[in-house]
Amino acid sequence: MREALRSLAAQKLIRTAQGAGGGSYVTLPSVDGVSDFLHSSLSLMADADDVTLDELLEARELLEVPAARLAATRRNEAELERLLATIPDQPLRLGTQGQFVYNQDFHLVVIEGCRNALLAMAAQPIFAVLQRNLARSKLGPRFHRAINDQHRSIAAAIEAGDADAAGDEMYAHLEFLRPYYEQAWRRAR
């Protein structure tokens, strides 16, 4: 019983309080809590080869392209500022890990900008699983410069409120990444 309660608490499905009024209480799920649970589950499934790279990439495309379109139509100044802040001015001065942090932040801000909690819950763990594998590979300055330029194009389309261009730019970006993910996936296996 204790182990089951610990597992539920680790998944943030319950909270435990000590003392006279203590006990275990069911918590309301949050976007981050559900996303974390999905991330853990997807990671386990991907590591066990129950989810293929093609399935992950297809799901990412089905989520992030519409998210970019929605972000373009629903944007506000604060969101645009956050988005632009995720694109470093001089990415090649950053280490590989720093570049991946900016990359992850960019995609998360686009997803948050669509203002759809379900899309955010579904997209975040898929992106995280893919990003984990790609971050382990050795990618040179040309790759990081291209990513930065593509992020600028996506951000410009979102800033212009051009939903079609934002979706097209995100699609092109994900297609650019595909061979790099395939190479990293093969190395990890």
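**Internal cavities, helix packing and residue environments**

About 120 Å³ of space lies in the largest cavity of this predicted model. Of the 15 residues that line the largest cavity, Q99, N103, H144, I147 and N148 are the closest to its centre. Two elements, α5 (96–113) and α7 (141–159), each give two or more residues to this lining. Helix α7 supplies the largest share, 5 residues. By residue class, the lining of the largest cavity consists of 9 nonpolar and 6 polar residues, with no charged residue present. In total, the count comes to 3 cavities of 30 Å³ or more.

The overall architecture is considered next. The chain contains 8 helices and 2 strands, and these elements follow the pattern α-β-β-α-α-α-α-α-α-α when read along the sequence. Taken along the principal axes, the box filled by the C-alpha atoms of the chain is roughly 60 × 40 × 30 Å. The chain comprises 189 residues, of which 39% count as buried. Among contacts between residues at least 6 apart in sequence, 76% join residues at least 24 apart.

Helix α7, which gives the largest share of the cavity lining, also packs against helix α4 (residues 77–85). Two packed helices are described by the angle between their axes and the distance between the axes. For α4 and α7, the angle is about 170° and the axes are 10 Å apart. Because angles over 145 degrees count as roughly antiparallel, α4 is roughly antiparallel to α7. The contact brings L80, L83 and L84 of α4 together with A155, I158 and E159 of α7. Its residues divide into 5 nonpolar, no polar and 1 charged.

Helix α4 also holds E79. With a relative accessible area of 17%, E79 is buried, because it falls under the 20% cut-off. Not counting residues up to four places away in sequence, E79 touches R74, V109, G113 and R115. Of these partners, V109 and G113 fall within the range of α5 (96–113), whereas R115 is placed in the loop between α5 and α6. R115 is not a glycine, although its phi is positive, at about 55°. The relative accessibility of R115 is 44%, so that R115 counts as partly exposed.

Two residues of helix α6 were examined in turn. The first to be described, L130, is found in helix α6 (residues 117–135). L130 counts as buried because its relative accessibility is 0%. Leaving aside residues up to four places away in sequence, L130 touches L53, L56, L57, R60, Y181 and W185. Its contact partner Y181 is 51 residues away from L130 along the chain, yet the C-alpha atoms of L130 and Y181 are separated by 7.3 Å.

Q124 likewise has its place in helix α6. A relative accessible area of 13% makes Q124 buried. When residues up to four places away in sequence are not counted, Q124 touches D32, S35 and L108. Among these partners, D32 and S35 fall within the range of helix α2 (residues 31–47), and L108 falls within that of α5 (96–113).

Helix α2 is also the location of H39. At 28% relative accessibility, H39 counts as partly exposed, whereas Q124 is buried. Apart from neighbours within four places in sequence, H39 is in contact with P125, A128 and V129. These three partners fall within the residue range of α6 (residues 117–135). H39 and A163 are 124 residues apart along the chain, and their C-alpha atoms are separated by 28 Å.

Conventions. Residues numbered from 1 in each chain as written. Predicted model: local features only at pLDDT ≥ 70, side-chain atom pairs only at ≥ 80, totals over all residues. Heavy atoms only, no water. 1 Å grid on protein atoms, 1.4 Å probe; cavity = no way out; pocket = protein on both sides within 12 Å on 5 of 7 lines; lining within 4 Å. Points joined across faces, edges and corners; volume = space filled by probe spheres on them. Helix = DSSP H or I, 4+ residues; strand = E, 2+ residues; numbered from the N terminus. Nonpolar A, V, L, I, M, F, W, Y, C, P; charged D, E, K, R; others polar. Axes fitted to C-alpha atoms, helices over the stretch in contact; angles between N-to-C directions. Parallel < 35°, antiparallel > 145°, perpendicular 65-115°, else oblique. Contact = heavy atoms within 4.5 Å. Buried < 20%, exposed > 50% of the residue type's maximum accessible area, 1.4 Å probe, protein only.
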